[in-house]
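The exercises below ask you to read a structure step by step, with the sequence and the coordinates at hand. Try each task before turning to the solution beneath it.

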Amino acid sequence: MNYNHHNKLKKYHTFSLNVIARAVYSIYSVNELIMLCKNARLNKCSVLLLGEGSNVIFVNNFDGLVILNRITSLNITESSIEWYIHVGSGNNWHKLVKKLIKNGIYGLENMAFIPGSVGAAPIQNIGAYGMEFKDVCNYVDIINLINGKQYRLNSHECEFGYRDSVFKHKYRENFAIVSVGLKLKKLWKPILTYSNLTSLIFTHTKITAKTIFNFICKIRKSKLPDPYLVGNAGSFFKNPVISSKYASKINLLYPLCPKYPQINGDVKLSAGWLIEQCNLKGYQYGGAAIHNNHALVLINKNNATGKDVINLARYIKKKVIEKFDIKLEPEVRFIGKYGEINAKDAIS
Ligand SMILES: Cc1cc2nc3c(=O)[nH]c(=O)nc-3n(C[C@H](O)[C@H](O)[C@H](O)COP(=O)(O)OP(=O)(O)OC[C@H]3O[C@@H](n4cnc5c(N)ncnc54)[C@H](O)[C@@H]3O)c2cc1C
């Protein structure tokens with residue numbers, strides 16, 4: 001267990017807000033995590049477990065203990081047809097993807113370069129370029145932080161949905177994800193369904209997992225602001241899902257609006273496109289702004305406060321409702337003085 005000598009949170013979350021906590025500790029094992037949580041409870045101190053802070057906004061200073069998850073175990077086994085990867089939740093997701101590919105284990109390449117820890121990946125069922133975490137999930141191991149009991153949930157029990165899972169609901173409070181089990185087929189098939197990945201078919205005679213990995217890293221680097229240079233938390237809002245009836249109406253009014261039909265008949269729209277149509281790119285509120293090239297990404301332009309971010313998000317939501325009568329919901333988690341607060345309510 002490591003005590004970080006200061007309690008500033010700026011470097012522990014990618015939006016880089018100037019906020020502090022009562023204390024910040026790094027843990028390297030499940031036992032350390034349980035012990036710290038027990039002590040915090042005895043001292044009536046709130047606890048926040050963070051991976052790499054790439055999906056949080058601190059609305060205020062955090063009046064509690066921030067625990068940085070650094071449980072980095074990794075164990076790989078195999079059958080004749082599959083690889084089984086058991087990963088400690090504090091591992092970095094992108095480094096895991098890279099390491100597996102280097103070792104000839106393929107299947108995660110479409111989700112390369114997504115920031116954050118392995119443990120946070122199931123929570124919002126991370127996804128990119130035609131794949132989601134659920135597609136490779138074998139199980140998720142969680143621990144009850146009150147009684148120390150450990151449980152293994154299979155993929156079905158995780159109730160994965162679009163940027164959603166049971167870890168945002170039933171197992172949100174007093175539970176921590178301690179490890180994750182992935183299952184990857186030895187007979188690898190590239191997934192090239194996502195729009196610009198199809199171009200690889202025309203430019204490459206042989207497509208490997210490494211080709212896709214490199215391609216995606218390059219696109220992501222060129223499209224998204226580097227959090228080390230410009231504070232941000234990736235896509236700020238979820239893409240809204242609307243009924244097919246309302247989608248037909250939107251189609252008549254805005255034929256160019258990108259639409260992604262869902263299995264149940266609903267239609268997913270691009271939140272970035274909706275925001276862009278409101279002419280909001282570059283719009284600034286206090287120190288927070290909408291990225292000039294990427295309307296879905298809010299940035300820490302100039303010493304933003306959590307309040308600036310909330311006000312900006314509220315303004316965006318209002319403008320999108322006025323133009324499209326569609327309510328955007330934050331994808332990013334909001335952390336208040338004592339713990340997570342409801343992000344939807346915070347910007348209503
Ligand atoms: C530039 C950028 C690009 C991004 N692109 C994508 C993308 O393409 N697709 C995508 O899906 N996401 C994307 N994201 C969002 C982010 O990468 C994911 O949400 C990631 O999984 C967050 O991991 P983290 O470790 O940083 O989580 P944190 O921000 O540290 O934590 C997020 C929440 O999960 C909780 N938590 C963290 N770890 C645990 C644990 N072990 N057990 C229980 N609770 C825990 C925290 O308390 C917090 O409430 C992007 C973010 C950025 C900054």
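**Exercise 1. The surroundings of one strand**

How many bridges join strand 18 to strand 19, and in which sense do the two strands run? Then work out what lies on the faces of strand 19.

Solution. Keep in mind throughout that this is a predicted model.

Step 1. Strand 18, residues 288–290, is joined to strand 19 by three bridges, and the two run antiparallel. Ala289 has Ile299 as its bridge partner in strand 19, and the connection from strand 18 to strand 19 is a hairpin of six residues.

Step 2. Strand 19 also pairs with strand 13, again in the antiparallel sense and over three bridges; here Ser235 stands opposite Val297 of strand 19.

Step 3. Turning to the faces of strand 19, which spans residues 297–300, one finds Val297 and Ile299 on one side and Leu298 and Asn300 on the other, and all four are buried, so that both faces are covered.

**Exercise 2. The ligand and its shell**

Identify the residues closest to the ligand, list polar contacts made to its oxygen atoms, and describe the make-up of the shell.

Solution.

Step 1. The ligand is surrounded by 33 residues, of which Leu49, Gly51, Ser54, Pro115 and Ser117 are the closest.

Step 2. Ser54 uses its side chain, placing a polar atom 2.6 Å from an oxygen atom of the ligand. Asn55 and Pro115 instead bring backbone N or O atoms to ligand oxygen atoms, at 2.8 Å for Asn55 and at 2.7 Å for Pro115. Of the 990 Å² that the ligand exposes when taken alone, the protein buries 93%.

Step 3. Sorted by class, the shell holds 16 nonpolar, twelve polar and five charged residues. At least two shell residues come from each of strand 3 (46–50), strand 8 (127–128), strand 12 (175–185) and strand 13 (231–235); strand 13 is also the strand that pairs with strand 19 in the first exercise.

**Exercise 3. Salt bridges across the chain**

Take the salt bridges of Asp141 and of Glu329, and establish for each where the partners sit and whether they are buried or partly exposed.

Solution.

Step 1. Side chains of opposite charge can pair when their charged atoms come close. In the whole structure, a search finds 14 salt bridges.

Step 2. Asp141 and Arg152 form one of them, with 2.7 Å between the closest N and O atoms. The pair links distant parts of the chain, since Asp141 belongs to strand 10 (residues 137–144) and Arg152 to strand 11 (residues 150–154), eleven residues apart. Asp141 counts as buried because its relative accessibility of 6% falls under 20%, whereas Arg152, at 49%, is partly exposed.

Step 3. Glu329 forms a salt bridge with Lys238, the closest N and O atoms being 3.7 Å apart. Lys238 lies in the loop between strand 13 and strand 14, and Glu329 in the loop between helix 7 and strand 20, so this pair ties together parts that are 91 residues apart in sequence. Glu329 is partly exposed, with a relative accessible area of 30%.

Step 4. The side chain of Glu329 also meets that of Lys344 in a salt bridge, at 3.8 Å from N to O. Lys344 sits in helix 8 (residues 343–346), 15 residues apart from Glu329, and is partly exposed at 43%.

Step 5. Finally, Arg172, Glu173, Arg333 and Glu340 are joined into one network by salt bridges that share partners.

Note on methods. Residues numbered from 1 in each chain as written. Predicted model: local features only at pLDDT ≥ 70, side-chain atom pairs only at ≥ 80, totals over all residues. Heavy atoms only, no water. Near = heavy atom within 4 Å. Polar contact = N/O pair within 3.5 Å; in protein donor to acceptor, adjacent residues only side chain to side chain. Areas by Shrake-Rupley, 256 points an atom, 1.4 Å probe, with all protein chains shown as cover. Nonpolar A, V, L, I, M, F, W, Y, C, P; charged D, E, K, R; others polar. Buried < 20%, exposed > 50% of the residue type's maximum accessible area, 1.4 Å probe, protein only. Pairing = 2+ DSSP bridges. Salt bridge = Lys/Arg side-chain N within 4 Å of Asp/Glu carboxyl O.
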